Every structure is written in C-alpha cells, then in structure tokens.
Amino acid sequence: MTTSLNIPVPSTKSLTNQVALVTGASRGLGKAIALALAQEGASIAAVARSEDALKETLAAIRAAGGVAEPFVVDVADGAAVEATVEKIMARFEHIDILVNNAGVTRDGLLARMTSEAWDIVINTNLKGAFNFTKPVGRLMVKQRAGRIINISSVIGLMGNAGQANYAASKAGLIGFTKSVAREFASRGITCNVICPGFIETDMTKDLSDDLRKKLLERIPLQRLGQPEDVAGVAAFLCSAAASYITGQILTVDGGMVM
Ligand code: NAP
C-alpha cells in the first residue's frame, strides 16, 4: 500500500513476514488460531491428518488475502513430524511461531480405561508437542527468536473423573511448557501454555443438555467459550506486547478456575 505521494505505508499487521505452524488446524481451536494469526499477517503452515479436512481453513485464509499451505501428518509420529518440518522449511524458509494444538480425547473411568486409550491420548496430546517442539525449537534457537504456544486445558489443572488420560496429557503439557521456557529463554524464545475451559467445538458438541447446564452453573461468565476467545489470546502471545511473558499459564475459561 502507498500514500497519494507514493510513500510506502508500513503494514499495521503485527505478524507480517512471520510463519506460524499450527497443528490441528482443520477445525475448532486450531482453525480459529490459524485464522487469527493469518489476519495479523502471518503465513500459515496448517497441520492435520488429512488434506481434505484442511480445505476450509486454507480457503478462509486465502479468501482474506492470506497465505496458507497444508501439511498432512500424524503429530504422534516423530519421524514423520521431522520430515514435515523439513517440508515446511523448504516451502517457507523459517518458522517463527509454533502452536501445539492437536488433541484428542478417549474418555472412560480408569477402571475401564484400555492402554490403547491411554497411549493414543498421551501420544497425540503430549508426545505430539514434543515431536514438533524439538525440531522447530532447534530452528528457533538458530534464529534466536520464536514463540511457542501449547494448548492444554483446565482439565490439566483440575483433573476430571473419566479423563485420567486426557488430564495427564494436559498437565504434562504444563510442565513441558515451563521447562522449554527455561531452556529457550536465553535465545529470545518464549513458550507459554493456554488452558481453555469448555469451548464450543466438535470436541464438546456431544455434551448432554444436563451436563451443559451443570457446566454453566460453574462458569462465572455464564457461557461456554468460542474458539475465537482462545484464538485472540494466542494472537496476543505472538505479539510484541507479549515479548516479556514466558513460562506462563493463561486460563481462558470464563472464570471457571480461579
Ligand atoms: P477438535 O475440534 O476435535 O479438533 C482437533 C484438531 O486436532 C483437528 O484439527 C484434528 O485434525 C487434529 N488432530 C487430532 N489428532 C491429530 C493427530 N494425531 N495428528 C494431527 N492432527 C490431529 O478439537 P478442539 O476442541 O478444537 O481442541 C483443540 C485443542 O484444544 C485440543 O488439544 C484440545 O484438547 C484443547 N482443548 C479443547 C477444549 C474444548 O472445550 N474444545 C478445551 C480445552 C482444551 P484431523 O482430525 O483433521 O487430523
């Protein structure tokens, strides 16, 4: 853009020329975070397990004039993640922001929980973050800059009957975040964790009316969250305004945990 005198006007978007890698970008929180970062000018490397599932996210970003490319990988597969990070580097040349958002649930009481249900949740939610943070962190250390955001949950803070596997994965992400923040701080890299409360996405769409009513009674702001409530906080953590924040938990839950 230029003025009438042909003087270039600097972009007011805070993430112009930055590349953001967002896992689980096909729907829900990941899609909203990818859109929010793209709106601030970042190019998006959108990760999910199928290219088809990423179409809507890519179309929305491109329709708004942004840049986004799909990268298909299972975050639990360490070797495949390493190869994906190489592909992203070949396409974009740098990665400035990493959002570890991909996650799954396999709920059940502990007495009936299978080791398969345990493994898939830990391997996706916790090991998935390790799989991406290790190679991307290495690049950020070389760049001497970077922002890492992990998406945990209030369940990682409180626990929840029927979600021992999920709570363990999300509590693990909190310890992981604080350790990474300490390891990378001297290289200008921040690492923070967002703990969303109950947000309206596919993950929570099957809540019964009764459970929804009970939940609302525990949320001071008296509504479930929207993906955009979390996306705005992620965009803030990537902004210059958040450059002195690292190793922190930001709870985005309408006041449920305080
Ligand atoms: P969602 O609608 O079910 O979306 C999950 C995303 O993760 C999808 O894009 C999915 O992509 C991706 N994904 C799942 N397993 C993957 C794997 N192995 N490899 C690559 N991508 C994978 O869930 P959401 O509600 O948006 O949740 C996003 C994150 O926020 C999760 O970590 C969740 O635990 C956390 N969270 C959600 C809530 C909530 O109330 N919704 C609250 C607290 C925390 P594909 O299936 O297309 O591969």
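Helices here are DSSP runs of H or I with at least four residues, numbered from the N terminus. The model is a predicted one.

**Stop 1: the ligand**

Select the ligand and the residues around it. The shell holds 30 residues, and the closest are Ser-26, Arg-49, Asn-101, Tyr-166 and Thr-201. By class, this shell has 14 nonpolar, 11 polar and 5 charged residues. Colour helix H1 (28-39) and helix H6 (164-184) next; each of them supplies at least two residues of the shell.

**Stop 2: polar atoms at the ligand**

Show the side chains of Asp-74, Tyr-166 and Thr-201. Which ligand atom does Asp-74 face? A polar side-chain atom of Asp-74 lies 2.8 Å from a nitrogen atom of the ligand. At Tyr-166, a polar side-chain atom is 2.5 Å from an oxygen atom of the ligand. For Thr-201, an N or O atom of the side chain is 2.4 Å from an oxygen atom of the ligand. Now switch on the ligand surface: on its own the ligand has 880 Å² of accessible area, and the protein covers 95% of that.

**Stop 3: the largest pocket**

Keep the ligand in view, since the next selection surrounds it. The ligand sits in the largest pocket. This pocket contains about 1,200 Å³ of space. Its lining comprises 50 residues, of which Gly-103, Val-104, Thr-105, Tyr-166 and Met-203 are the closest to the centre. Tyr-166 therefore deserves a label, as one of the residues named both here and among the closest to the ligand.

To see which elements build the wall, select H1, strand S2 (43-48), helix H4 (115-143), helix H5 (154-158), H6 and helix H7 (209-217); each supplies at least two residues of the pocket lining. Coloured by class, the lining splits into 22 nonpolar, 17 polar and 11 charged residues.

**Stop 4: the cavity**

Hide the pocket and look for enclosed space. How many cavities of 30 Å³ or more does the structure hold? There is 1. The largest cavity contains about 50 Å³ of space. Select Thr-23, Val-75, Asn-100, Asn-101, Ala-102, Thr-124, Asn-125, Gly-128, Ala-129, Phe-132 and Leu-173 to display its lining. Which element gives the largest share of that lining? H4 does, with 5 residues. The cavity lining has 5 nonpolar and 6 polar residues, and no charged ones.

Finish by labelling Asn-101, which lines the cavity and is also listed among the closest residues to the ligand.

Key. Residues numbered from 1 in each chain as written. Predicted model: local features only at pLDDT ≥ 70, side-chain atom pairs only at ≥ 80, totals over all residues. Heavy atoms only, no water. Near = heavy atom within 4 Å. Polar contact = N/O pair within 3.5 Å; in protein donor to acceptor, adjacent residues only side chain to side chain. Areas by Shrake-Rupley, 256 points an atom, 1.4 Å probe, with all protein chains shown as cover. 1 Å grid on protein atoms, 1.4 Å probe; cavity = no way out; pocket = protein on both sides within 12 Å on 5 of 7 lines; lining within 4 Å. Sits in = over half its atoms within 2 Å of the grid points. Nonpolar A, V, L, I, M, F, W, Y, C, P; charged D, E, K, R; others polar. Points joined across faces, edges and corners; volume = space filled by probe spheres on them.
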